[in-house]
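User: I'd like to learn how to read a structure like this one feature at a time. Can we go through it together?

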Amino acid sequence: MAELVRTPEARFEGLPGYDYEAEYVDVGGPEMAYVDEGDGEETFLCLHGEPSWSYLYRKMVPTLAERGRVVAPDFVGFGRSEKYTDEDAYSFGAHYDWLVAFLEELDLSGLTLVCQDWGGILGLAAAAHHPERFDRIVAMNTGVPDGTQEMPDVWHEFRRAVETAETLDVARLVESGCTSELSADVLDAYRAPFHTEAVKASMRTWPGMVPLSPDDEGADVMRATRERLSDWEKPAFVLFSDSDPITGPTRDPLRDFLPTAADQPDVWVEGAGHFLQEDAGEAVADHVVGFVDRT
């Protein structure tokens with residue numbers, strides 16, 4: 001049985017802009033941590049990607065919480081969630097199943113999905129396969145990789161670095177995906193979840209789970225996701241930043257692909273990189289609330 005580890009709570013004390021208490025739910029073995037703030041008719045499900053955690057959404061939570069409930073989980077292996085030290089414990093299917101279990105255990109419905117990077121890959125798959133739980137989609141700097149897509153050179157370089165580096169500094173990886181300079185205490189907040197090199201197994205394995213061939217694990221789930229989303233009739237908003245070399249090329253195809261995306265403004269978040277929540281979180285939150293108000 002693979003070992004599960006929880007990062008000491010002390011590492012999360014006093015983080016700048018993030019005094020939210022964590023709640024926990026068993027998702028079939030590991031426990032996922034999540035922030036649950038605000039209330040109201042609307043519920044925003046905010047999903048992070050590699051190699052961040054729900055701290056990424058700290059600039060957005062206050063604005064969204066004024067409009068409704070905000071649920072921001074940490075994927076297994078990230079943030080305050082439990083982590084495996086064995087890389088073999090992680091797979092595309094495991095991450096997807098853990099997310100679906102999270103939705104079921106909390107019985108979430110009426111969701112506005114707010115997702116970026118891997119949060120988008122898994123979140124869009126969850127929305128496509130469980131549409132009864134979702135009212136809207138906000139897709140940010142992400143895609144629907146089914147093994148037929150081309151990945152940019154910068155992504156391949158990132159994957160190699162994450163998989164082969166003797167030690168990994170998660171904060172520097174996040175900062176390299178931002179246009180803004182991050183302060184020392186914010187960098188430390190991104191480092192906080194990874195108190196040992198062993199618990200970075202999640203971070204090392206996630207890039208390699210992007211399907212690069214139609215035969216790769218997860219490609220079938222994403223093919224089905226594409227098929228289902230091609231008939232998506234609920235509101236969808238494709239909201240990308242203007243300075244992300246990793247996902248920028250997928251923006252227009254995704255906007256053309258989602259049937260209702262063209263009903264929403266054709267906008268780019270200016271001056272933001274891959275982690276647009278970090279670079280322009282307040283502006284992104286305003287865009288999301290405006291989308292909800294329109295629909």
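User: Is Asp107 buried or exposed, and how do I tell?

Analyst: One thing up front: this is a predicted model. To judge burial, look at the relative accessible area; over 50% counts as exposed and under 20% as buried. Asp107 has a relative accessible area of 55%, so it is exposed. You'll find Asp107 in the loop between helix H2 (92-106) and strand E7 (111-116).

User: What about the backbone there: what is phi of Asp107?

Analyst: Phi of Asp107 is about 50 degrees, a positive value even though the residue is not a glycine. Asn141 is another residue other than glycine with a positive phi, near 45 degrees. Asn141 sits in the loop between strand E8 (134-140) and helix H4 (153-164).

User: And is Asn141 buried or exposed?

Analyst: Asn141 has 0% relative accessibility, so it counts as buried. That is a nice pair to look at: Asp107 is exposed, whereas Asn141 is buried.

User: Next, peptide bonds. Where is there a cis one?

Analyst: Check omega. Between Glu50 and Pro51 omega is about -10 degrees, and the peptide bond joining them is cis. Pro51 belongs to the loop between E4 and H1.

User: Ser54 caught my eye too. Where is it, and what does its side chain make polar contacts with?

Analyst: Ser54 is in the loop between strand E4 (42-47) and helix H1 (61-67). Its relative accessible area is 2%, so Ser54 is buried. For polar contacts, look for N or O atoms within 3.5 Å of each other. The Ser54 side chain makes one such contact with the side chain of Tyr18, at 2.6 Å, and one with the side chain of Asp74, at 2.7 Å. Leaving out residues up to four places away in sequence, Ser54 touches Tyr18, Val35, His48, Ala72, Pro73 and Asp74.

User: Now helices. How do I read which residues of H8 are buried?

Analyst: Start with the geometry: an α-helix has 3.6 residues a turn, so residues three or four places apart point the same way. Now go to helix H8 (residues 219-229), where Ala219, Val221, Met222, Ala224, Thr225 and Leu229 are buried.

User: What do those buried residues of H8 pack against?

Analyst: They pack against H2, helix H3 (118-129), E8 and helix H9 (251-257). While you're looking at H2, find Ala94, which is part of that helix. Ala94 is buried, with a relative accessible area of 15%. The C-alpha atoms of Ala94 and Gly28 are 9.9 Å apart, with their positions 66 residues apart along the chain.

User: Let's zoom out. How do I judge the overall fold?

Analyst: Compare the radius of gyration with what a compact globule would have. For 295 residues that would be near 19 Å, and the chain has 17 Å, which agrees. The C-alpha atoms fill a box of roughly 45 × 45 × 40 Å along the principal axes. Count the elements and you get ten helices and eleven strands. Burial fits into the picture as well: 58% of the 295 residues count as buried.

User: What share of the contacts join residues at least 24 apart?

Analyst: Among contacts between residues at least 6 apart in sequence, 79% join residues at least 24 apart.

User: And the surface and charges?

Analyst: The accessible surface is about 11600 Å², and 44% of it belongs to carbon and sulfur atoms. For charges, compare mean positions: those of the 23 positive and 58 negative charges are 1 Å apart.

Technical notes
Residues numbered from 1 in each chain as written. Predicted model: local features only at pLDDT ≥ 70, side-chain atom pairs only at ≥ 80, totals over all residues. Heavy atoms only, no water. Helix = DSSP H or I, 4+ residues; strand = E, 2+ residues; numbered from the N terminus. Buried < 20%, exposed > 50% of the residue type's maximum accessible area, 1.4 Å probe, protein only. Polar contact = N/O pair within 3.5 Å; in protein donor to acceptor, adjacent residues only side chain to side chain. Contact = heavy atoms within 4.5 Å. Rg over C-alpha atoms; globule rule 2.2 N^0.38 Å. Areas by Shrake-Rupley, 256 points an atom, 1.4 Å probe, with all protein chains shown as cover. Lys, Arg positive; Asp, Glu negative; His and termini not counted. Charge placed at Lys NZ, Arg CZ, Asp CG, Glu CD.
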